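Here is a short briefing for a first look at this structure. Keep the sequence and the model side by side as you read.

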Amino acid sequence: MTVPSATASDPVQAALDTWQNEPGALLPVLHAVQDSVGYIPREAIAAIADALRLTRAEVSGVISFYHHFRTTPPGRHTVEVCRAEACQAVGARQLEAHAKTRLGLDYHETGADGQFSLEPVYCLGNCACGPSIRIGGAVYGRVSEARFDELLTGLDTRALELR
Ligand code: FES
């Protein structure tokens, strides 16, 4: 497998070129790679470790410590459910249970068909309108179970239209 590209050629090298000589470069590099590629390809770990003079185990340890980082491609749509306090006070726990059932996924999982990934998030800056979710880059507030289903149905429809 080749490492997907961000600068159209090498997103890992682009991240290293930007951050390599900065103190504490590992996290910014990992964020840049994931932002660009969608995940941290396992093949990138050696290159990152070598460039930052770390062991592969150190790089892998940081990746596995932070749930934000993933080493497999995300689904076509990433659904994030806010688990922070304000949203929990207005029903986020029930919504997350519904999301897990509706998608057939737990947090940090991607469906076998590659359509959806489910992730927790801790505040989307939409606290007054909870429960909040984000799908792709779009934040939705006051999401009921019915609204959640509507949003997913819209995505399913759009996905079908793109085929
Ligand atoms: S607590 Fe959910 S958006 Fe802030």
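The largest pocket has a volume of about 360 Å³. It is lined by 15 residues, and Gln34, His68, Thr78, Glu80 and Glu119 are the closest to its centre. Note that this is a predicted model. The points below start with the pockets, then turn to the domains, the sheet and a group of cysteines.

**The largest pocket**

- Three elements each give at least two residues to the lining: helix H2 (26–37), strand S1 (77–82) and strand S3 (116–121).
- S3 makes the largest contribution to this lining, with three residues.
- Sorted by class, the lining holds four nonpolar, six polar and five charged residues.
- Both domains take part: domain 1 (11–65) and domain 2 (77–162) each provide at least three lining residues.

**The second largest pocket**

- This pocket holds about 150 Å³ of space.
- Its lining includes a run of neighbours in the sequence, Phe69, Arg70, Thr71 and Thr72.
- Ile63, Ser64, Tyr66 and His67 also line the second largest pocket, as do His108, Thr110 and Glu119.
- By class, three of the lining residues are nonpolar, six are polar and two are charged.
- Glu119 is worth finding in the model: it is listed in the lining of the second largest pocket, and it is also among the residues closest to the centre of the largest pocket.

**Domains**

- The chain divides into domain 1, residues 11–65, and domain 2, residues 77–162.
- Between the C-alpha centres of the two domains the distance is 29 Å.

**The sheet**

- Five strands make an open sheet, in the order S2-S3-S1-S4-S5, with mixed pairing.
- S2 and strand S5 (138–140) are the edge strands, and each pairs on one side only.
- Strands of a sheet pair through backbone hydrogen bonds, in either a parallel or an antiparallel sense.
- S1 and S3 run parallel and share six bridges. Within this part of the sheet, His77 has Phe116 of S3 as its bridge partner.
- Strand S2 (residues 109–110) pairs with S3 in the antiparallel sense, over two bridges. Here Thr110 is matched with Ser117 of S3.
- S2 and S3 also form a hairpin, with five residues between them. Gly114 sits in the turn and has a positive phi of about 75°.

**Strand S3 up close**

- Is S3 buried or exposed? Six of its six residues are buried, so the strand is largely enclosed by the rest of the structure.
- In a regular strand the side chains alternate between the two faces of the sheet.
- Both faces of S3 are covered. Phe116, Leu118 and Pro120 are buried on one side, and Ser117, Glu119 and Val121 are buried on the other.

**Cysteines listed in UniProt**

- An unreviewed UniProt entry lists Cys82, Cys87, Cys123 and Cys127 under "binding site".
- These four span 46 residues in sequence, yet no two of their C-alpha atoms are more than 9.3 Å apart, so they gather at one spot.
- Cys123 is found in the loop between S3 and strand S4 (133–135).
- Cys123 counts as partly exposed because its relative accessibility is 36%, a value that falls between the 20% cut-off for buried and the 50% cut-off for exposed.

How values were computed
Residues numbered from 1 in each chain as written. Predicted model: local features only at pLDDT ≥ 70, side-chain atom pairs only at ≥ 80, totals over all residues. Heavy atoms only, no water. 1 Å grid on protein atoms, 1.4 Å probe; cavity = no way out; pocket = protein on both sides within 12 Å on 5 of 7 lines; lining within 4 Å. Points joined across faces, edges and corners; volume = space filled by probe spheres on them. Helix = DSSP H or I, 4+ residues; strand = E, 2+ residues; numbered from the N terminus. Nonpolar A, V, L, I, M, F, W, Y, C, P; charged D, E, K, R; others polar. Domains from an automatic or database assignment. Buried < 20%, exposed > 50% of the residue type's maximum accessible area, 1.4 Å probe, protein only. Pairing = 2+ DSSP bridges. UniProt positions renumbered as here; feature names shortened; annotations may be inferred.
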